[in-house]
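Thanks, everyone, for making time this morning. I would like to take you through one model, beginning with the chain contact and then moving inward.

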Amino acid sequence: MTDDIKDKELKPVNDIRFKVDRMAFKFPKPRLITIVANDNADGTFELIYAFHYNNQYTEVRYMVKADDELDSLSSHFAASVNMEREIVDMMGLHFKGIEGGMLLMPEKGIVTPLRKPLKPQETPAPSVTVPAPPTQAPLRSSENIPEAKP
Amino acid sequence: MSRVSVIPFGPQHSSFLEPMNLKLVMEEEKVVGATINIGYNHRGMEYAMAQDYKRTVFLCERVCGICSYHHSSAYVQAMENVFNVKVSDRANLVRTIMMECQRLTSHLLALGHTAEALGYENLFMQFFREREEIMMLVNRVSGNRVHYSMNTIGGLRKDVTYEQLKDIEKTMDIMEPKFLELQKVIRNDSTFRKRTRGIGLLKKADAESYCVVGPVGRGSGMPHDIRLTGFAGYGVDGMKYRPVVYEEGDVYARNNVRMDEVIQAVDLIRQALNLIRDGPFLTPVKGHPSGEGIGRVEAPRGELYYYIKAKGEQKLDRLKLRTPAFVNIPAIAAMIGGAQLADVAPIAVSVDPCICCCDR
């Protein structure tokens, strides 16, 4: 797999738009193959913009948060509208000016079927040292139990 | 000022094989705009296919009945990418032969369908008669007419025999003159030309914007063809291939691309038959997949793309497929502006719309 630009860190949405724009303005014009959305199950999503450019496969990747409002690529590629509508339906992400309801009926039946349940958050280790608990008396065993006096 | 009206075209319509809806904005007989609605056939295949990577080899063929072998080829290619397995030349060439056989059946169906939409019932039957011969050939080789079930991760489920390869060669020799005879009608018949030339124009700029693929793109001057990247047997030494490209961008050009590719498919099958040698047909894989992989093949309608993310267990983390119909069908909106209502069916059919693929 050839990766032209690979960015796996969470970045502001403006940076993302710049990278995809840089790809869209190349000459000869690249062909947008598809947009893949991966749910990381921690409230973030990985978006993969796959391009066919100069007879080669090229990707632009980035991470977004679930409630980010993303720019649509429809000003460059008319094909991106349906791809983004599909992501809105399946993953529940938000694109500016793009509505869902293409594959699923809005507000009826199943909602965002490809979203995964959130992973349980790991509790962070306490920074303050907790004093050791006081030493407890030894457990009562049959030997320590005083015999009942008659 | 003429009156504007909105006419629904589908989802149940005699010219469509599957449900799709066009909302046509009309000024008398002229179409001035169109909205395309899909989603009548959504089955949640992406979710189902991610449940078990072994069963998906068979399930992915059920996405579409016309390009089923291309679906399984793209899927196993992506999985071989994940497993990092090299497939033998024999398996790759057999895959190429079967893919080209399926391209023949698909293109003959599309051309027959176009003929029917234009009112050529007899031509439609002739295309389907020749298509039937190819389907019977595929049945003799694989045991199935539609879902071949020949692929598995690492190669083929079973090898093809010498007699089966001779059968393919003999059938191609019989079929080629018949295809050349049908080609004359598509190219030279005066009524056919009048109904298709200059109709449903898709300019190159629009084609680039809609990112169309396959015969729709190549009919508008976009020379994109994944076979040039040399996947499967197309990359074996000795295979020669050049994409068919027309610049006109109308229904006639799209039909000509398909007709030329029918002749070219026969040539590619012969090339692969000449290059095929004895050897292993399966490279076994061990364990569960882990990592990412992509599979891209040139299906009859254009590039088919599979993305797989596996996490070392039977269930896949993500499976995404982008079918060619998903990008070709929205381009109907760009072709249809200014057309007459009578031309809407031939224009929509010239895209070869596969709703099963599109909705998944």
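What you see here is a predicted model, and I will start with the place where the two chains meet: 26 residues of chain B are in contact with 19 residues of chain A. On the chain B side, the elements that each supply at least two residues are helix H1 (45-49), helix H8 (204-210), strand S6 (290-299), strand S7 (302-311), strand S8 (316-322) and helix H11 (324-328). Which of these gives the most to the side of chain B that touches chain A? That is S7(B), with four residues. If we sort this side of chain B by class, we find eleven nonpolar, six polar and nine charged residues.

Let me stay with the strands for a moment, since S6, S7 and S8 of chain B form an open sheet of three strands, in the order S6-S7-S8, with antiparallel pairing. S6 and S8 of chain B are the edge strands, each pairing on one side only, and from one strand to the next the twist averages 10°. As a general reminder, the strands of a sheet pair through backbone hydrogen bonds, whether parallel or antiparallel. In the antiparallel pair of S6(B) and S7(B), the two strands are joined by ten bridges, and, to pick out one position, B:Glu292 stands opposite B:Lys309 in S7(B).

Now for what lies across these strands: H3(B) lies across S6 and S7 of chain B, and runs at about 150° to S6(B). That helix, residues 68-83, also has a helical partner in H4 of chain B, residues 89-117, and the axes of the two come within 8 Å and cross at roughly 145°. From H3(B), the residues B:Tyr69, B:His70 and B:Ser73 meet B:Arg95, B:Met98, B:Met99 and B:Gln102 in H4(B), so that by class this contact has three nonpolar, three polar and one charged residues.

Finally, the interior: the largest nonpolar core has 144 residues, and those with the most contacts inside it are B:Met79, B:Tyr306, B:Ile308 and B:Ile332. H4(B), which we have just met as the partner of H3(B), provides the largest share of this core, with 13 residues. And what does B:Ile332 touch, once residues up to four places away in sequence are not counted? Its contacts are then B:Ala34, B:Ile36, B:Ile347, B:Ala348 and B:Val351.

I will stop there and take comments.

Technical notes
Residues numbered from 1 in each chain as written. Chains lettered and ligands numbered in written order. Predicted model: local features only at pLDDT ≥ 70, side-chain atom pairs only at ≥ 80, totals over all residues. Contact = placed C-beta atoms within 7 Å. Axes fitted to C-alpha atoms, helices over the stretch in contact; angles between N-to-C directions. Pairing = 2+ DSSP bridges. Core = buried A, V, L, I, M, F, W, Y, C linked by C-beta atoms within 7 Å. Buried ≥ 20, exposed ≤ 12 C-beta atoms within 10 Å, placed from the backbone.
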